[in-house]
Amino acid sequence: MARKQQVYTLVVEVGRAPGDGLPEGASGAGLVCYATGVDEAEAVRETVAVLKQADMAPLDVTGYGTLEARLEEGHEIDAEERALMERALAENAVIVAQATPVFPD
C-alpha cells in the first residue's frame, strides 16, 4: 500500500554560495520551508536538492513535523501558513515561506 504524501515544516540553515541571491554582507540565512514527502526524511532530501538547484548551500535542517504534529505540540498556525502547506501538498513542491538573512556581528 502506498503511503500518502504529507507536508513537513522544515527550517534550513544555509551558508553562502555564488549566485545564492542573499544580500551583500550576509553570512547565510534561515529558511522556513514547507515540503512534501511520505516521511520527514524524504521531505528533507527533496528540500536540500531543490535548494542546491537554486544555488543555495544548505548546512543544517531542523524538522518540525506535519501540521497535525505541530498542532498537537500547541503551535499556532495561521490561515496564511496553512494555505502555503496546502499549496505544497497540491503541487508536490517545496515552498520557501520565509528567508531571514544572517549578518555577522
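The exercises below treat the largest pocket, three buried residues and the salt bridges of a predicted model.

Residues are numbered from 1 along each chain as its sequence is written, and side-chain values use heavy atoms, with hydrogens and water left out. Because the model is predicted, local features need pLDDT of at least 70 and side-chain atom pairs count only at pLDDT 80 or more, while totals for chains, interfaces and linings use all residues.

**Exercise 1. Describe the largest pocket and its lining.**

Step 1. A pocket is defined on a 1 Å grid over the protein atoms alone, as an open set of points where a 1.4 Å probe fits, with protein on both sides within 12 Å along at least five of seven lines; lining residues have an atom within 4 Å of a point.

Step 2. The volume of the largest pocket is about 220 Å³, a volume being the space filled by probe spheres set on the points, which are joined across faces, edges and corners.

Step 3. Its lining consists of Lys4, Gln5, Gln6, Val7, Thr66, Leu67, Glu68, Arg82, Met85, Glu86 and Leu89. By class, 4 are nonpolar, 3 polar and 4 charged. Here Ala, Val, Leu, Ile, Met, Phe, Trp, Tyr, Cys and Pro count as nonpolar, Asp, Glu, Lys and Arg as charged, and the others, Gly among them, as polar.

Step 4. At least two lining residues come from each of strand S1 (6-15), helix H2 (67-72) and helix H3 (79-91); H3 gives the most, with 4 residues. Helices (H or I, at least four residues) and strands (E, at least two) are DSSP runs, numbered from the N terminus.

**Exercise 2. Establish the surroundings of threonine 9, threonine 66 and methionine 56.**

Step 1. Threonine 9 belongs to strand S1. With a relative accessible area of 4%, threonine 9 is buried (buried means under 20%, exposed over 50%, partly exposed in between, with a 1.4 Å probe and protein chains only). Beyond its neighbours within four places in sequence, its contacts (heavy atoms within 4.5 Å) include Tyr34, Tyr64, Arg70 and Met85. The side chains of threonine 9 and arginine 70 make a polar contact at 2.9 Å (a pair of N or O atoms within 3.5 Å, one able to donate a hydrogen and the other to accept it; residues adjacent in sequence count only if both atoms are side-chain atoms).

Step 2. Threonine 66, in strand S3, is buried at 9% relative accessible area. Neighbours within four places aside, threonine 66 contacts Gln6, Val7 and Tyr8.

Step 3. Methionine 56 sits in the loop between helix H1 (40-53) and strand S3 (57-66) and is buried at 13%. Its C-alpha atom is 7.4 Å from that of glycine 15, although the two are 41 residues apart along the chain.

**Exercise 3. How many salt bridges does the whole structure contain, and which residues form them?**

Step 1. The search finds 3, each a side-chain nitrogen of Lys or Arg within 4 Å of a carboxyl oxygen of Asp or Glu.

Step 2. Aspartate 20 pairs with arginine 16 at 2.9 Å between the closest N and O atoms. Aspartate 20 is buried at 8%, whereas arginine 16 is partly exposed at 38%.

Step 3. Arginine 70 pairs with glutamate 81 at 2.7 Å. Arginine 70 lies in helix H2 and glutamate 81 in helix H3, so this bridge ties together parts that are 11 residues apart in sequence. Both residues are buried.

Step 4. Glutamate 91 and arginine 87 meet at 3.2 Å, N to O. Because they are 4 residues apart in helix H3, about one helical turn separates them. Glutamate 91 is partly exposed at 45%, as is arginine 87 at 42%.
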